[in-house]
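This report describes one protein model, and the reader is invited to follow each residue in the structure shown below.

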Amino acid sequence: MAPSSSTKRLVAIAVVTFLLAATSGHRQPVHLRLYMHDVMRGPGTTAIHLIHGVGPPHDVERGAYFGDTAAIDDVVTEEPDAGSRAVGRAQGTYMLASQHEEVLTVAITVELTAGPYNGSTFSVAGRVGVYDDKAEAAVVGGTGRLRRAAGYLTWRMVELVVSEKYVMVELDVHMSVPPVSAAGGNWWSSLLLRSIN
Ligand SMILES: *[C@@H]1O[C@H](CO)[C@@H](O)[C@H](O)[C@H]1NC(C)=O
(Lines give C-alpha, C1' and ligand atoms only; values in the text may rest on other atoms or scores of the structure.)
Protein backbone atom coordinates (compact mmCIF):
# COMPACT_ATOMS: atom_id res chain seq x y z
CA MET A 1 0.00 0.00 0.00
CA ALA A 2 1.34 3.43 -0.96
CA PRO A 3 2.03 5.75 2.00
CA SER A 4 -0.59 8.46 2.38
CA SER A 5 0.37 12.06 1.68
CA SER A 6 0.22 12.89 5.41
CA THR A 7 2.72 10.08 6.13
CA LYS A 8 4.99 11.45 3.41
CA ARG A 9 4.73 14.89 4.96
CA LEU A 10 5.64 13.57 8.41
CA VAL A 11 8.67 11.74 7.04
CA ALA A 12 9.75 14.85 5.15
CA ILE A 13 9.52 16.89 8.36
CA ALA A 14 11.55 14.22 10.19
CA VAL A 15 14.26 14.38 7.51
CA VAL A 16 14.49 18.16 7.66
CA THR A 17 14.60 18.09 11.47
CA PHE A 18 17.30 15.45 11.41
CA LEU A 19 19.44 17.30 8.86
CA LEU A 20 19.16 20.51 10.87
CA ALA A 21 20.19 18.69 14.06
CA ALA A 22 23.13 17.01 12.31
CA THR A 23 24.47 20.16 10.70
CA SER A 24 24.04 22.43 13.73
CA GLY A 25 26.13 20.11 15.97
CA HIS A 26 29.44 21.51 17.09
CA ARG A 27 32.74 19.80 16.43
CA GLN A 28 34.11 18.03 19.48
CA PRO A 29 37.51 19.20 20.72
CA VAL A 30 40.21 16.58 21.35
CA HIS A 31 43.35 17.55 23.24
CA LEU A 32 46.25 15.11 23.60
CA ARG A 33 49.75 15.61 24.97
CA LEU A 34 52.10 12.93 23.68
CA TYR A 35 55.85 12.24 23.63
CA MET A 36 57.65 10.72 20.65
CA HIS A 37 60.94 8.89 21.16
CA ASP A 38 63.40 8.82 18.23
CA VAL A 39 66.25 6.38 18.65
CA MET A 40 68.67 6.55 15.71
CA ARG A 41 71.36 4.19 16.97
CA GLY A 42 71.85 0.84 18.69
CA PRO A 43 69.35 -1.70 19.93
CA GLY A 44 65.79 -0.44 19.93
CA THR A 45 66.44 1.83 16.93
CA THR A 46 63.16 3.43 15.83
CA ALA A 47 64.43 5.87 13.20
CA ILE A 48 66.64 5.09 10.20
CA HIS A 49 68.25 7.25 7.54
CA LEU A 50 66.73 6.56 4.14
CA ILE A 51 68.75 9.30 2.46
CA HIS A 52 71.98 10.61 3.92
CA GLY A 53 74.74 12.61 2.28
CA VAL A 54 73.24 12.79 -1.21
CA GLY A 55 72.64 16.55 -1.16
CA PRO A 56 75.16 19.33 -0.46
CA PRO A 57 76.47 19.71 3.11
CA HIS A 58 74.04 21.67 5.26
CA ASP A 59 74.95 25.28 6.02
CA VAL A 60 74.41 24.99 9.77
CA GLU A 61 73.80 21.42 10.92
CA ARG A 62 77.19 19.71 11.15
CA GLY A 63 77.41 16.28 9.53
CA ALA A 64 74.04 16.71 7.85
CA TYR A 65 73.15 17.21 4.21
CA PHE A 66 70.27 19.00 2.55
CA GLY A 67 67.60 16.40 1.77
CA ASP A 68 68.61 13.90 4.47
CA THR A 69 65.51 11.85 5.18
CA ALA A 70 64.64 9.47 8.01
CA ALA A 71 61.87 6.90 8.34
CA ILE A 72 60.48 6.61 11.86
CA ASP A 73 58.44 4.08 13.80
CA ASP A 74 58.61 5.77 17.19
CA VAL A 75 57.12 4.70 20.48
CA VAL A 76 54.62 7.30 21.72
CA THR A 77 54.01 7.73 25.46
CA GLU A 78 51.76 9.93 27.59
CA GLU A 79 54.58 10.71 30.03
CA PRO A 80 57.98 12.13 29.05
CA ASP A 81 59.73 9.04 30.45
CA ALA A 82 60.65 6.74 27.54
CA GLY A 83 60.02 3.72 29.78
CA SER A 84 56.48 4.75 30.64
CA ARG A 85 53.45 3.01 29.16
CA ALA A 86 53.27 3.19 25.36
CA VAL A 87 50.01 4.67 24.04
CA GLY A 88 50.81 4.67 20.33
CA ARG A 89 53.29 4.69 17.45
CA ALA A 90 54.32 7.59 15.24
CA GLN A 91 55.19 6.39 11.74
CA GLY A 92 56.35 8.34 8.69
CA THR A 93 59.24 10.47 7.51
CA TYR A 94 61.28 13.59 8.35
CA MET A 95 63.27 15.44 5.73
CA LEU A 96 65.90 18.14 6.25
CA ALA A 97 64.08 20.43 3.87
CA SER A 98 66.01 23.70 4.13
CA GLN A 99 69.59 24.18 2.91
CA HIS A 100 70.20 27.08 5.25
CA GLU A 101 68.03 26.51 8.32
CA GLU A 102 67.57 23.58 10.68
CA VAL A 103 64.09 22.88 9.41
CA LEU A 104 62.36 19.56 8.83
CA THR A 105 59.26 18.77 6.88
CA VAL A 106 57.38 15.99 8.63
CA ALA A 107 54.77 13.58 7.31
CA ILE A 108 53.70 11.25 10.08
CA THR A 109 50.64 9.33 11.20
CA VAL A 110 50.14 8.57 14.88
CA GLU A 111 48.27 5.38 15.69
CA LEU A 112 46.85 5.36 19.21
CA THR A 113 46.91 1.96 20.93
CA ALA A 114 45.29 2.74 24.28
CA GLY A 115 42.53 4.85 25.79
CA PRO A 116 39.31 6.05 24.18
CA TYR A 117 40.99 6.49 20.77
CA ASN A 118 42.61 3.05 20.71
CA GLY A 119 42.85 1.96 17.06
CA SER A 120 42.27 5.47 15.70
CA THR A 121 44.91 7.53 13.89
CA PHE A 122 45.63 11.17 13.10
CA SER A 123 47.96 12.46 10.41
CA VAL A 124 50.40 15.34 10.74
CA ALA A 125 52.01 17.41 7.98
CA GLY A 126 54.15 20.50 8.32
CA ARG A 127 57.42 22.34 8.59
CA VAL A 128 59.11 22.41 11.97
CA GLY A 129 62.24 24.15 13.19
CA VAL A 130 64.33 21.54 15.03
CA TYR A 131 65.22 23.95 17.85
CA ASP A 132 62.06 26.05 17.70
CA ASP A 133 60.13 25.86 20.99
CA LYS A 134 56.87 26.82 19.34
CA ALA A 135 57.00 24.96 16.06
CA GLU A 136 53.58 24.10 14.69
CA ALA A 137 52.34 21.50 12.27
CA ALA A 138 48.89 20.74 10.91
CA VAL A 139 46.64 17.83 11.86
CA VAL A 140 45.28 17.08 8.41
CA GLY A 141 42.95 14.17 9.07
CA GLY A 142 42.27 11.01 10.97
CA THR A 143 40.62 7.61 11.01
CA GLY A 144 38.30 5.67 13.32
CA ARG A 145 37.02 7.85 16.15
CA LEU A 146 39.27 10.61 14.82
CA ARG A 147 37.79 10.48 11.30
CA ARG A 148 37.81 13.96 9.68
CA ALA A 149 40.00 15.32 12.49
CA ALA A 150 41.39 18.80 11.87
CA GLY A 151 43.60 21.07 13.91
CA TYR A 152 47.22 21.71 14.77
CA LEU A 153 49.92 20.65 17.15
CA THR A 154 52.93 22.25 18.71
CA TRP A 155 56.16 20.34 18.21
CA ARG A 156 58.86 20.86 20.83
CA MET A 157 62.10 18.97 21.25
CA VAL A 158 62.44 18.36 24.99
CA GLU A 159 65.49 16.12 25.05
CA LEU A 160 68.46 15.57 22.77
CA VAL A 161 71.31 13.18 23.55
CA VAL A 162 73.67 13.67 20.61
CA SER A 163 76.01 10.79 21.51
CA GLU A 164 73.12 8.33 21.55
CA LYS A 165 71.25 10.02 18.73
CA TYR A 166 68.20 10.10 20.96
CA VAL A 167 65.55 12.79 20.53
CA MET A 168 62.32 13.22 22.47
CA VAL A 169 59.62 15.46 21.04
CA GLU A 170 56.54 16.72 22.87
CA LEU A 171 53.39 16.96 20.75
CA ASP A 172 50.62 19.13 22.15
CA VAL A 173 47.74 18.21 19.88
CA HIS A 174 44.66 20.42 19.53
CA MET A 175 42.16 19.00 17.07
CA SER A 176 38.44 18.54 16.68
CA VAL A 177 36.22 15.90 15.16
CA PRO A 178 32.69 16.23 13.75
CA PRO A 179 29.75 15.56 16.07
CA VAL A 180 28.68 11.91 16.15
CA SER A 181 25.26 12.73 14.64
CA ALA A 182 26.88 14.29 11.57
CA ALA A 183 29.19 11.30 11.11
CA GLY A 184 26.14 9.02 10.96
CA GLY A 185 24.07 11.54 9.03
CA ASN A 186 24.65 10.27 5.50
CA TRP A 187 23.41 6.80 6.27
CA TRP A 188 20.28 7.96 8.09
CA SER A 189 19.34 10.68 5.65
CA SER A 190 19.71 8.35 2.65
CA LEU A 191 17.53 5.75 4.41
CA LEU A 192 14.87 8.34 5.22
CA LEU A 193 14.98 9.86 1.75
CA ARG A 194 14.55 6.43 0.20
CA SER A 195 11.44 5.80 2.30
CA ILE A 196 9.80 8.97 0.98
CA ASN A 197 10.21 8.12 -2.70
C1 LIG B 1 43.31 -1.68 21.95
O2 LIG B 1 42.52 -2.36 20.98
C3 LIG B 1 43.03 -3.63 20.63
C4 LIG B 1 42.20 -4.16 19.46
O5 LIG B 1 40.84 -4.02 19.71
C6 LIG B 1 43.00 -4.54 21.84
O7 LIG B 1 43.52 -5.82 21.51
C8 LIG B 1 43.85 -3.91 22.93
O9 LIG B 1 43.77 -4.69 24.11
C10 LIG B 1 43.41 -2.49 23.22
N11 LIG B 1 44.38 -1.90 24.12
C12 LIG B 1 44.04 -1.24 25.22
C13 LIG B 1 45.16 -0.77 26.05
O14 LIG B 1 42.88 -1.06 25.52
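Two strands are said to pair if DSSP finds at least two bridges between them. Helices (H or I, at least four residues) and strands (E, at least two) are themselves DSSP runs, numbered from the N terminus. By this rule, strands E3 and E4 pair in the antiparallel sense over nine bridges.

The model is a predicted one, in which local features need pLDDT of at least 70 and side-chain atom pairs count only at pLDDT 80 or more, while totals for chains, interfaces and linings use all residues. Residues are numbered from 1 along each chain as its sequence is written.

**Overall composition**

The protein contains three helices and nine strands. Read from the N terminus on, its elements follow the order α-β-β-β-β-β-β-β-β-β-α-α. Of the 197 residues in the protein, 22% are buried. A residue is buried if 20 or more other C-beta atoms lie within 10 Å of its own, exposed if 12 or fewer, and partly exposed in between, with C-beta atoms placed from the backbone. Two residues are in contact if their C-beta atoms, placed from the backbone, lie within 7 Å. Among contacts between residues at least 6 apart in sequence, 48% join residues at least 24 apart.

The confidence of the prediction is given by pLDDT, the predictor's confidence in each residue, from 0 to 100. Its mean over the protein is 87, and 79% of the residues reach 70 or more. Over residues 183-197, however, the pLDDT is below 50, and this stretch has 16 contacts in the model beyond near neighbours in sequence.

**Strand pairing**

Thr69 of the E3 and E4 pair stands opposite Met95 in E4. Strand E4 also pairs in the antiparallel sense with strand E5 (residues 103-112), over nine bridges. Here Tyr94 stands opposite Val106 in E5, and a hairpin of six residues joins E4 to E5.

Further along the chain, strand E6 (residues 121-129) and strand E7 (residues 135-143) pair in the antiparallel sense over five bridges. The hairpin that they form has five residues between the strands. Phe122 has Gly142 in E7 as its bridge partner. Strand E7 in turn pairs in the antiparallel sense with strand E8 (residues 150-161), over five bridges. In this pair, Glu136 stands opposite Thr154 in E8. The hairpin of E7 and E8 has six residues between the strands, and Gly144 within this hairpin takes a positive phi near 65 degrees.

**Residues in the loops**

Which residues other than glycine have a positive phi? Arg148 is one of them, with a value of about 60 degrees, and Lys165 is another, with a value near 50 degrees. Arg148 lies in the loop between E7 and E8, whereas Lys165 lies in the loop between E8 and strand E9 (166-177).

Two further loop residues have a partner at some distance along the chain. Arg85 is located in the loop between strand E3 (69-77) and strand E4 (86-96). Its C-alpha atom is 9.6 Å from that of Val75, and Arg85 and Val75 are ten residues apart in sequence. Apart from neighbours within four places in sequence, Arg85 is in contact with Thr77 and Glu78. Glu61 is located in the loop between strand E2 (47-51) and E3. Glu61 and Glu101 are 40 residues apart in sequence, yet their C-alpha atoms are 8.1 Å apart in space.

How exposed is each of these loop residues? The table lists the class of each with its count of C-beta neighbours.

| Residue | Class | Other C-beta atoms within 10 Å |
|---|---|---|
| Arg85 | exposed | 10 atoms |
| Glu61 | partly exposed | 16 atoms |
| Arg148 | partly exposed | 14 atoms |
| Lys165 | partly exposed | 14 atoms |

Arg85 counts as exposed because 10 other C-beta atoms lie within 10 Å. Glu61 is partly exposed because its neighbours inside 10 Å number 16.

**The ligand**

A residue is near a molecule if its C-beta atom, placed from the backbone, lies within 6 Å of it. The residues around the ligand are Thr113, Ala114, Asn118 and Gly119. This shell divides into one nonpolar, three polar and no charged residues. For this division, Ala, Val, Leu, Ile, Met, Phe, Trp, Tyr, Cys and Pro count as nonpolar, Asp, Glu, Lys and Arg as charged, and the others, Gly among them, as polar.
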